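Reader: I would like to learn how to read backbone outliers and a sheet with its helices. Where should we begin?

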Amino acid sequence: MEKLLSHREPMDMPDPLFPIKLHRTHANEYGSLLFNHHWHEHIEFLFFIEGEAMIECNSERLYVSAGDLVVLNSTDLHHGINLSDNLFYFAVIADPSLLHSRSVDAVEMKYITPITQNRISFQNKITNDPEINSCIRSLIEEYEKREYGYELAVKSDLYRLLSILLRKYIVRLLKPNEYELRRKNLERFDPIYEYIEENYQSKIMVEDLAKQVNMSRFYFCRLFKEITNKTISEYVNFVRINKSEYLLRNTSMSISEIALATGFNDIYYFSRLFKTYKKVSPSKIRRNPGEM
């Protein structure tokens, strides 16, 4: 089997001397995948302007809408699904090197180094905080206009944003060895996430997955649950149900065909599981594709 791609997302910056970038994202297919499971060592902010989406971060589902900010810390495993017909959000990605000082001072030691090493983690979802929203809007505006001195303004807004997060939204403090262990475990499981994404239609055996990363079945299952907060079967079903929802909303395939296409041989089991995950039946989604 060919070597599978890593879920660690590479981050090439348009300007290596000013490593920050901004994406505008529009989506108009309800249920479409915004981005696959991945993680990175950069700090990312998703600021939602219009529509609704579900961002899963470290197994927690965040339902977001206009005015919400999602903070993706370094090594947060995340993916996103569009939940509206007109979604618009900004993604701001900053390389931690942008924040470092050239000298070791109190700011560097107390705040920047722990943030860039992910020893300080922030709350993932922030809803309608006027200070936060004003700061992120200013950063976006300065970056897009690129007037003389915009780099100073953007960096200033980024520091201001971090100061607000530090005061109001810290959720975790990790020791250096805890961060390093999490990063190594995420890298070790990259082939597993990729394999499931590519083979969700087929029968997936836990023993085969464990062999891919040279672990015993017991240790593999325990570590997978620790990282994702899901068992293997829960994770596989989660992927399958999300794929089936997209097909229900965007194709003319029958419910039976969709069940088979996403790895379910029993349509009744598929329907029960779909309702468990989505709180609505597949047939209702098919009749009313705009509902959730």
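Author: With a cut-off for accessibility: a residue is buried under 20% relative accessible area, exposed over 50%, and partly exposed in between. The model here is predicted.

Reader: How exposed is Asn-128 by that scale?

Author: Asn-128 has a relative accessible area of 49%, so the residue counts as partly exposed. Its phi is positive, about 45°, although Asn-128 is not a glycine. The residue sits in the loop between strand E10 (125-127) and helix H2 (130-145).

Reader: What is the phi of Thr-75, and is Thr-75 buried or exposed?

Author: Phi of Thr-75 is near 70°, again a positive value in a residue other than glycine. Thr-75 is buried, because its relative accessible area is 0%. Its loop runs between strand E6 (68-72) and strand E7 (78-82).

Reader: Now the sheet. In what order do the strands lie?

Author: The general idea is to follow pairings from one edge to the other. In this open sheet, 5 strands follow the order E1-E8-E3-E6-E10, with antiparallel pairing. Strand E1 (20-27) and E10 are the edge strands, each pairing on one side only. On average, neighbouring strands are turned by 20° against each other, direction ignored.

Reader: How many bridges join E6 to E10?

Author: There are 3 bridges between these antiparallel strands, E6 and E10. Leu-69 stands opposite Ile-126 in E10.

Reader: Which strands does H2 lie across?

Author: H2 lies across E1, strand E3 (43-50), E6, strand E8 (87-94) and E10, and runs at about 100° to E1. Helix H3 (residues 150-168) lies across E1, E3, E6, E8 and E10, running at about 90° to E3.

Key. Residues numbered from 1 in each chain as written. Predicted model: local features only at pLDDT ≥ 70, side-chain atom pairs only at ≥ 80, totals over all residues. Heavy atoms only, no water. Helix = DSSP H or I, 4+ residues; strand = E, 2+ residues; numbered from the N terminus. Buried < 20%, exposed > 50% of the residue type's maximum accessible area, 1.4 Å probe, protein only. Pairing = 2+ DSSP bridges. Axes fitted to C-alpha atoms, helices over the stretch in contact; angles between N-to-C directions. Contact = heavy atoms within 4.5 Å.
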